[in-house]
Amino acid sequence: MKKIILMAAALFCVMGAVKAQEAASMVDINADTRSAAMGDLSTAAEASAFSVFSNVAAAPLSEKSVQVGAFFSPWASGLTKDLESKNMLLGAGAYFTFAERHSVQLGFRFLKSAGSEGYDPQGNPTGDTFNPKDMTIDLGYGIKIIDNFSVGVAGHYVSSKIGEDASGSAIAFDVAMMYRLGLGEKANLDLGLKAANIGSKLAYGEGEGAALPGKVTLGAMFGVKPSDAHSIKVGVDAGYKFMGIGGFVAGVGAEYMAFNTVAARVGYHLDGKAKMNYATVGLGVRVIDMIEADFAYYLANDQLKNTFRVGLSVRF
């Protein structure tokens with residue numbers, strides 16, 4: 001336990017970074033449709049095909065050795081309601097656990113934004129219409145240190161293009177850990193800690209560049225099975241963005257699942273400084289504990305109004 005506390009203290013030390021303008025905010029979007037419907041919780045979320053984006057330490061604690069999945073969203077629909085072209089967010093992820101304790105994870109994300117005025121490398125408008133594009137390629141590794149404690153690290157290559165001749169790239173890293181506390185035969189509490197999007201600045205020309213949305217978050221997820229037919233999960237995330245826009249972020253969410261087949265989810269996410277406060281709802285269907293389809297809907301004003309997400313994953 002002493003080692004766990006020391007590692008957690010070291011993780012929080014990254015909060016000493018200097019704040020800067022935020023870039024490529026796509027890397028801060030939760031890729032897991034299931035936990036997105038629960039207030040965009042991610043830090044202590046159950047392992048999924050998208051753990052490389054949320055908490056890379058979750059996969060080694062999972063009973064499933066392989067998960068593969070993909071997601072799609074017409075992201076930020078409220079910003080494009082009067083435009084012919086729409087935003088498109090999609091991606092895929094997977095993890096493979098071997099030797100009962102090692103997990104290799106990989107994924108990618110792609111966001112094409114609706115047509116807007118293009119810019120040159122110096123940030124000056126060109127007068128042309130352009131569809132900005134952001135993409136990440138993601139690779140992670142997690143290891144179970146003891147039966148109920150794991151750690152992991154993920155690397156993200158970030159590419160962004162805002163004009164025909166204006167593009168940039170950056171490298172970012174996540175460091176995470178997860179601890180599972182058993183509470184009898186039918187309940188457990190997962191505790192997560194994560195520092196995310198720590199890395200180089202994204203520059204489109206010769207300027208200083210802008211920081212990625214670096215943050216540190218704590219999370220807890222309580223799960224209980226009152227009977228073999230019913231299960232409930234309740235979770236909370238809280239953290240601080242110390243790069244980019246900055247400010248405190250938090251989320252709370254819950255899931256009810258019947259017969260390990262049909263799930264209903266609800267949550268609320270708070271990011272006041274970025275003006276991204278919204279409620280979420282969602283549904284999920286699981287077939288023979290192997291194939292899962294998920295849906296999330298954002299109850300929000302302005303940019304996230306009428307935004308939804310769909311996800312499909314397979315686990316073994």
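Is F71 buried or exposed? In this predicted model, F71 turns out to be buried, at a relative accessible area of 5%. The structure holds 5 aromatic pairs, and F71 takes part in one of them together with F50. The two rings meet edge-to-face, with 5.9 Å from centre to centre and 80 degrees between their planes. F50 comes from the loop between α2 (33–36) and β1 (66–73), while F71 belongs to strand β1, so the pair ties together parts that are 21 residues apart in sequence. F50 is buried too, since its relative accessible area is just 4%.

F295 and F308 also pair up, this time stacked: 6.1 Å separates the ring centres and the planes are 25 degrees apart. Here strand β15 (residues 291–299) supplies F295 and strand β16 (residues 308–315) supplies F308, so the link spans parts 13 residues apart in sequence. F295 is partly exposed at 33% relative accessibility, and F308 is partly exposed at 28%. Elsewhere, ring pairs join W75, Y278 and Y298 into a cluster.

Now for R286, which sits in strand β14 (residues 278–287). With 6% relative accessibility, R286 counts as buried because the cut-off is under 20%. Its side chain makes a polar contact of 2.7 Å with that of N260. Beyond four places in sequence, the residues touching R286 include M257, I291, E292 and R315.

V236, in strand β11 (residues 230–241), is partly exposed at 41% relative accessibility. Its C-alpha atom lies 9.6 Å from that of D40, although 196 residues separate the two along the chain. Among the residues V236 touches, leaving aside those up to four places away, are L41, L218 and V252.

Technical notes:
Residues numbered from 1 in each chain as written. Predicted model: local features only at pLDDT ≥ 70, side-chain atom pairs only at ≥ 80, totals over all residues. Heavy atoms only, no water. Helix = DSSP H or I, 4+ residues; strand = E, 2+ residues; numbered from the N terminus. Buried < 20%, exposed > 50% of the residue type's maximum accessible area, 1.4 Å probe, protein only. Polar contact = N/O pair within 3.5 Å; in protein donor to acceptor, adjacent residues only side chain to side chain. Contact = heavy atoms within 4.5 Å. Phe/Tyr/Trp six-rings, centres within 6.5 Å; stacked < 30°, edge-to-face > 60°.
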